[in-house]
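Below is a walk through one protein model, from its overall make-up to its sheet, its nonpolar cores and a pair of packed helices. Please keep the structure in view while reading.

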Amino acid sequence: MPLFFLYKPPHPSSHAEEEEEPTQTKRSSAEQPQSSARPETPSILIPLYSFTDRPFVRIAFLPLPDMAAAPASGMLRTSMLRMSSSQFPSSSWSPFLAGDAGRMGKLAFGTASSIPSHRSARWSTAGRGPVVVAAATSKRTLRVEPVEIRSTEEKPVQFKVRAAVTVKMNKKVDWKEAMFDSLVANPLEAMEERQGKNVCLELISMDIDPRTKRPKASQEAVLRGWTERMKGERAVLTAEFIVDSSFGTPGAVAVTNGHQREFFLESIVVEGFLCGPILFNCHSWVQSSRDYPDKRIFFTDKPYLPSETPAGLRELRKKELEALRGDGKGVRKLSDRIYDYDTYNDLGNPDKGHELVRPPLGGEKLPYPRRCRTGRLPMETDFSAESRVEDPLPLYVPRDDAFEEDRMEMLAEGKRKAMLRVFVPSIVASFSGGDFGGFHHVDSLYKDGIRLKRGLQEDLIKKFPFLSKIQEACEGFLRYDNPTIISKDKFAWLRDDEFARQAIAGINPVFPPVSKLDPAVYGPPESAIREEHILCHLEGMSVQQALEEKKLFMLDYHDVYLPFLDRINAQDGRKSYATRTIFFLTEQGTLKPVAIELCLPPGAPATRSRRIMTPPTDATGTWLWQLAKAHVCSNDAGVHQLVNHWLRTHASMEPFILAAHRQLSAMHPIFKLLHPHMRYTLETNALARQILISGGGVIESFFTPGPVAMEMSSAAYASAWRFDQESLPADLIRRGMAEPDPTQPHGLRLTIKDYPYANDGLLIWDAISTWVRKYIEAHYPTAASVASDVELQAWYAEAIRVGHGDVKDAPWWPRLATPDDLAGMLTTLVWLASAQHAALNFGQYPLGGYIPNRPPLMRRLIPEEGDPEYTNFVADPQRFFLASMPSLLQTAMFMTVIDTLSTHSKDEEYLGERRLQTYAWSPEVAESFNEFAAEVGRIEVEIGRRNADPERRNRCGAGVVPYELLAPSSGPGATCRGVPNSVSI
Ligand SMILES: [Fe+2]
């Protein structure tokens, strides 16, 4: 906008001229041919700057000084409005009323034959279309405004419209539920249907009824065909409505479920209005009115900023958000759809014993993002701890955020596999003492490894013959898939170059920053690594030269581990250092480790508190070096899981999602933009609190930090998490892995040119950024439109003040005042939910499933000469190495969990895909999305090309695993690739 159309004086004598279309050449008054009837009347340009859904407009002739020259009357033709709306009758004219200065008149559109003969008449447009609000330019000003009409002045015409309603029922994974449905619920429902206890729909107009001052609503219509057609998974049912010509355009549908059970409402398409089919994209569970007497409201698919909400929908928009926010009280039922906040006070289980007491996360002492509130009752022994719901009992998440059936089936399959896969190792472990006897025992866990009966388990099979039967029956289930990391080169993990490569193309390709711990408590912050330790590995450079040329890098886990080491190492079977690893960037662009510093707390014996390991020159040194690398990997595995994966994607996204549901209406354009990137995150996080990060859960059991794991995560949140540095470019710059350079692609010069995560990530970052910016441009033309969007501002403010309330006063929160601010912030959220999470999540089994390569837990420190264990180590270094790793049972259980966590389900929605949204409401936005999808496809091709480029040695070469974690598409399964839209596993 603005479009323009021309005022033209009436010319009733020339019908042919009435049919003439206005053209572009008529846009200026100078070019406008003058009417022969009234040649003295000037043409007037009327800019068309807005539309409403009202059927009438008012024209006011403004009292300007030279109004004497204003036209007395005229005609406006609907073909002139064709760009604005398809809802006018195509041949409609409207009289342009007499123009005495200051007088008001009416303008409306009907059929050509219905044009009134006198200027005071009013008539209906059959209530079906928006009309124009227009104003004239220059001094001859016409102001054309919406106006309401009293229904008493005419008798509205009634007409019939129809709704096609797509509903879905569960496939019923649970056989008990399926049985109940077939025997009880379905017959009961059929009977009730006959008694009139139906599903009913009501159309709600975008207009206010001028008499009642309430939104206009149709009468309720029953959804037909329920009992006959609900046997399949999905059905399209119909409802018919009678509306009158003054109804306007439907902007919402109210749904009442009179049945016993909930049903899933996919969409409603209303047909019969002149504007064409109207889509209501629902995708929501509708509960029985016995449980929820209020009608469910579904808004039209077209988004509206709060200030643009049609009058008839304003109150409903407000009420819907109030319902979603709830009142912060009570225990949530599984069928609720209330989004609220709480602290992580549900991780411990003090009622089960003191060893399962865990401090709540969230608050001054242990800052943390907030989680979704469930309102469960407190524990009996600790009122500050929420009672737990243990697996397999279901947890509360707002109903529409619960997993759909394909995903539940995938998880159920994972559980079945887990039971079988852990069963045999657990018997073996009890039989063998629990440790691997050699690397061939590790191999026996995999499909391509030695057969069960030829390994350690041979004696076991003789003793328990039923095990061989299980093996034969469940061969596929009992064996783990070969992890990608050993699929191309089984021994790659032993090499230093592979150890280094995984730092930039592995599961946790993020270098942390340098030490900031208090030296008074934790000793000198400087590393004990000296020039002499590394000089011989720098290809002839001095350390100073290497530093100046940005050839030295540090993988620094000093600060995150050191404050917790006393508590970690006090546990049986858990031993850890705070490690620092120095890498040198070689001429070939690959990294090589040149020193590892193993730090213990200051209280440890002097020789042990700072121990430096360097690349070996003899057999003993080689094994010690392997052990040091294993400790680095164990440190890395903990930080990967607790900080980079869980905290920075899963946990930090949750407050933004809760705030979005509470503050952004479903019809808000930003809610629609974020919706695909919020899918399943709340249930994924709830399940993680149930079985992964809980006291005694998977993370505590299989990662070195054990019970202090989540306290470490909280410390990282307090000391290092900054939303303004969560964007990929800012994160790379913060870590010294890139510096701004406008001459380079993406505006960054990478310190390591062949850094697969950064190389591929920047392609995706830019694609997301372009799409988001175009989307924002389409909805927010000015800074004022961002600043004045009350829902948007409330969303951001609540996400910070409540969801991230423990860091709300930090000075680094980006402001939200301009479209640029908004686009930057949303790009970061979409990046975190999609690509960043994918890079950190889907390699867990493929790259971490071979435990010697990346032990998540270490059970022994590295012995020194003189230690009692040193003799054992020298006598059998392989056994000592394996005994330092997780035990057989720990390994089997850990592999089972990360296998499930690395698996894409069948219903995954990947970057550049949309299951629900077509953006049909805006050709401009739809086009932008298509461009985004096409760009995502091009990125996939480019990633394939890079993985085949021998110059890129960090992702291509003999036995090198290609870097595909940011390749956008994937099939189901643990594929080590694929970027889903959301944090969904
Ligand atoms: Fe994840």
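The paragraphs that follow begin with the whole chain and then turn to single elements.

The model is predicted. The protein contains 32 helices and 25 strands. Of its 985 residues, 46% are buried. Among contacts with a separation of 6 or more, 73% join residues that lie 24 or more positions apart.

One element to locate is an open sheet of four strands, ordered E13-E9-E15-E16 and paired in the antiparallel sense. Its edges are strand E13 (234–244) and strand E16 (278–286), each of which pairs on one side only. On average, neighbouring strands in this sheet are turned by 20 degrees against each other, direction ignored. Within the sheet, strand E9 (residues 158–168) and strand E15 (residues 263–271) are joined by seven bridges in an antiparallel pairing. Across this pairing, alanine 164 stands opposite valine 269 in E15.

The next topic is the nonpolar interior. In soluble globular proteins, nonpolar side chains tend to be buried together. In this model the largest nonpolar core has 167 residues, and the members that touch the most others are Phe583, Ala628 and Leu966. Helix H18 (residues 619–663) supplies the largest share of this core, with 20 residues. Phenylalanine 583 can be followed further: beyond its neighbours within four places in sequence, its contacts are Ala500, Ala503, Phe553, Leu555, Leu591, Lys592, Pro593 and Val594. Another core, of 35 residues, lies apart from the largest one and includes Phe247, Phe280, Phe299 and Ala666.

Helix H18 also takes part in a helix pair. Two packed helices are described by the angle between their axes and the distance between the axes. For H18 and helix H26 (residues 790–803), the angle is about 140 degrees and the axes are 8 Å apart. H18 is therefore oblique to H26, since only angles over 145 degrees count as roughly antiparallel. The crossing of the two helices H18 and H26 is right-handed.

Which residues of H18 and H26 meet? On the H18 side they are Pro655, Phe656, Leu658, Ala659, Ala660, Arg662 and Gln663. Their counterparts in H26 are Glu791, Ala794, Trp795, Glu798, Ala799 and Gly803. H18 thus appears twice in this account, as the source of the largest share of the largest core and as a partner of H26.

Definitions and conventions: Residues are numbered from 1 along each chain as its sequence is written. This is a predicted model: local features need pLDDT of at least 70, side-chain atom pairs count only at pLDDT 80 or more; totals for chains, interfaces and linings use all residues. Two strands pair if DSSP finds at least two bridges between them. Axes are lines fitted to C-alpha atoms, for helices over the stretch in contact, and angles run from 0 to 180 degrees between N-to-C directions. A nonpolar core is a set of buried Ala, Val, Leu, Ile, Met, Phe, Trp, Tyr and Cys residues joined through C-beta atoms within 7 Å. A residue is buried if 20 or more other C-beta atoms lie within 10 Å of its own, exposed if 12 or fewer, and partly exposed in between; C-beta atoms are placed from the backbone. Two residues are in contact if their C-beta atoms, placed from the backbone, lie within 7 Å. Angles under 35 degrees count as roughly parallel, over 145 as roughly antiparallel, 65 to 115 as roughly perpendicular and the rest as oblique. A crossing is left-handed if the near helix is turned anticlockwise from the far one by less than a right angle, and right-handed if clockwise.
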